[in-house]
Amino acid sequence: MIAISANGLTKRYGRAAAVSDLSFEVTQGEIVGFLGPNGAGKTTTLRMLAGLVKPSAGTCTVLGAAVPGPTLRRVGTMIEEPSFYPYLTGRDNLTHAALLHGDVPRSRVDEVLEFVQLQDAARKRVRAYSQGMRQRLALARALLWRPQVLLLDEPTNGLDPTGIAEFRESLRAVATEGATVLVSSHILAEVQKLVDRVLAIDKGVLRFDGTLTQLLNRMDGQRVRYSVRATDQAALAAALTALGYDFEPRGSDGAEAQVPRDRADDLVSDLAAHGVKVVAAAVHGDDLEAAYLRLVDPAGRPA
Amino acid sequence: MNQFSNVVRAEAFKVVRKRRLYVLAALYWVLLPALALVVARVLHTTLTGSFADDGRVVDQTLQLFASPLGLVRLALAGPAYTSPTLYIVAVTLVAALLIGEERSQNMWKTVLVVQPSRVAVMTGKVFVALAALATLMAGAAVSGFLFGLVGTTFLPTRLEGDWLPLLGLYGLQAAQLLAPVLLAFLLITLVRSGVLGVVMVLFLPGLLETLYAVINTISQVQPLNRFNAVFQAIRLQAAWKALPEYFFTANLYAPGRAPAAAWFKELSAGEAGDLGPLAGLLGTGLTLGHSALVMAGYALLFGVLLYWWFLRRDVD
């Protein structure tokens, strides 16, 4: 089922086009990264999908219905900097949103507060919250009515590395419940550990729509650097040797391997076939970043 | 209907947590009748039996202003004579809370995603604003009554009077606050600033009415009498002269200021059937039916403009 679709979506402000003829689809349950530099048109696109901004041309649908429409009530959003009523407590802000929505049981407020680990600060006024707490409270609000679609705009802005990691874990937990997530960022490294697929936009135009591996395939080099962690480092090393890949051990349980680009997709299954239990595997950030920068700036920025 | 009631519940939840409304309510509910009772007590102790108390005029005055009925009337009329009026202060306060904060705290993007029906959102906010204002007025009436009852223990006042017409005036005044609520919502939405919108609500109607007075004065100065000639030529003279009857401020407070005419008539022992120029000074020259129609017209105009603008605008 298509959860989100954009068809020829265009938004002009005067003569300038913030978004031009943007078309894409996101299927139910997918986690998609919406990438682009600042001013690329990401926020405008998300605002159109959330029914806040009317497209100058084109249409968009969410959960099968045109936007704006009734299905928006099944969407959770975090658009730009999270905003709250500062004189209300965290819990009261969530209660207000729950009442406004109408289909949220009171107990759900405590559930989401616990989920984002804000139960101890729930009685504090939001004006006393740190940036990280506000981000987590915004996620809690977006999750209040168990949305089927999440539209997140730069959700990790202002968070420290620990906060980003915690936020990513929270989001991953949400995604495992089957929600479709469209998460925008101007930093690929932030979303690469989370997303299945990437939409890259620049100057309002869609530049790329595909998986991270497909993004890597646009690189000039023949090899991809993979960081792999396994339950048994010796077994991992043996498997990588058997597969014929160059690698260097990292820490007590990992390795950084040079994998031929055409085998990058199959690395985890190849290791599993050699009896290795893989805990984590990710393409080295620098390689993805280089491919991404080439997309949005073909003249070539330093990676 | 569900969406509307959801908005009403959420906005009411927010309003009851705003402390400055309680400050306003305390001023309105306690300060005004308490002050009236203090003044009444001073009048009673210093003037009763003196040369000024000819024909027990002090007792009559106290019954007019400090009896339960008198204090309830004072709670209706008093706020209409302050400057700016307590009514418009309350309207701007509620509008700033319900509409201004959505702008200043950047909350529209949240509110309109949680509740995408913009008609329900705006209608719910207007309803809560009116309900808050009506609650303030009802509280003032109850408080006036209770203070008046306390006053009967140490003042020569009685629990008597014609309550029904007074309660009708309360209802009419509360209903007529719809127009300034819609004006406040419209201006705050248009100028996209809570503070500027509130300032405009406080001063714009008065400014336009002052402008009329200035033009009217200038047009009557001899060397500039061509103004009159122009109005005569296009047959607008009558409309120009009748314009003050349609002024926003004069019509808005007509129900609240109606008791003032009653006070003056009762104080003059029924001799002044027509208050004459005093009616203009007190703002009691307009009939209630006329003012209700004019304010309904204003409400319609502001309401159409507000919804038209709000339903089509992008949310930044």
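Is A:Leu63 buried or exposed, and how many C-beta neighbours does A:Leu63 have inside 10 Å? In this predicted model, A:Leu63 counts as buried because 21 C-beta neighbours lie inside 10 Å, and the cut-off for a buried residue is 20 or more. The points below begin with the surroundings of that residue, then turn to the sheet and the domains of chain A, the contact between the chains, and finally chain B and the confidence scores.

**The surroundings of A:Leu63**

- A:Leu63 is found in the loop that runs between β4 (57-62) and β5 (65-66) of chain A, and A:Leu63 is nevertheless a buried residue.
- When residues up to four places away in sequence are left out, the contacts of A:Leu63 are A:Ala3, A:Thr71, A:Arg74, A:Gln148 and A:Val149.
- A:Leu63 and A:Ile2 are separated by 61 residues in sequence, yet their C-alpha atoms are 6.7 Å apart in space.

**The sheet of chain A**

- Six strands of chain A form an open sheet with mixed pairing, and their order across the sheet is β6-β7-β8-β3-β9-β10.
- The strands at the edges are β6 and β10 of chain A, and because each has a single partner strand, one side of each is left without a neighbour in the sheet.
- From one strand to the next, the twist of this sheet averages 15°.
- The edge strand β6(A) pairs with strand β7 (residues 149-153) of chain A in the parallel sense, over four bridges, and A:Thr77 stands opposite A:Leu151 in β7(A).
- Helix α1 (residues 42-49) of chain A lies across four strands of chain A, namely β3 (31-35), β7, β8 (180-185) and β9, and the helix runs at about 150° to β7(A).

**The two domains of chain A**

- Chain A is divided into domain 1, which covers 2-214, and domain 2, which covers 220-296, and the C-alpha centres of these two domains of chain A lie 31 Å apart.
- To the contact between them, domain 1 of chain A gives 13 residues and domain 2 of chain A gives ten residues.
- On the side of domain 1 of chain A that touches domain 2 of chain A, the elements giving two or more residues are α6 (188-191), β9 (197-202), β10 (205-211) and α7 (212-216) of chain A.
- Sorted by class, that side of domain 1 of chain A has seven nonpolar, three polar and three charged residues.

**The contact between chain A and chain B**

- Chain A gives 23 residues to the contact with chain B, while chain B gives 22 residues.
- On the side of chain A that touches chain B, the elements giving two or more residues are β6 (75-78) and α2 (90-101) of chain A, and α2(A) gives the most, with seven residues.
- The residues on this side of chain A divide into 13 nonpolar, seven polar and three charged.

**Chain B**

- Chain B has 16 helices and zero strands, and of its 316 residues, 39% count as buried.
- Among the contacts in chain B that join residues at least 6 apart in sequence, 81% join residues at least 24 apart.

**Confidence in the prediction**

- The model scores ipTM 0.82 and pTM 0.82, while chain B averages a pLDDT of 85, with 86% of the residues scoring at least 70.
- Within chain B, confidence is highest in helix α7 (residues 118-151) of chain B, at a mean of 96, and lowest in helix α11 (residues 226-233) of chain B, at a mean of 59.

Notes
Residues are numbered from 1 along each chain as its sequence is written. Chains are lettered from A and ligands numbered from 1 in the order in which they are written. This is a predicted model: local features need pLDDT of at least 70, side-chain atom pairs count only at pLDDT 80 or more; totals for chains, interfaces and linings use all residues. pLDDT is the predictor's confidence in each residue, from 0 to 100. Domain bounds come from an automatic or database domain assignment. Two residues are in contact if their C-beta atoms, placed from the backbone, lie within 7 Å. Ala, Val, Leu, Ile, Met, Phe, Trp, Tyr, Cys and Pro count as nonpolar, Asp, Glu, Lys and Arg as charged, and the others, Gly among them, as polar. Two strands pair if DSSP finds at least two bridges between them. Axes are lines fitted to C-alpha atoms, for helices over the stretch in contact, and angles run from 0 to 180 degrees between N-to-C directions. A residue is buried if 20 or more other C-beta atoms lie within 10 Å of its own, exposed if 12 or fewer, and partly exposed in between; C-beta atoms are placed from the backbone.
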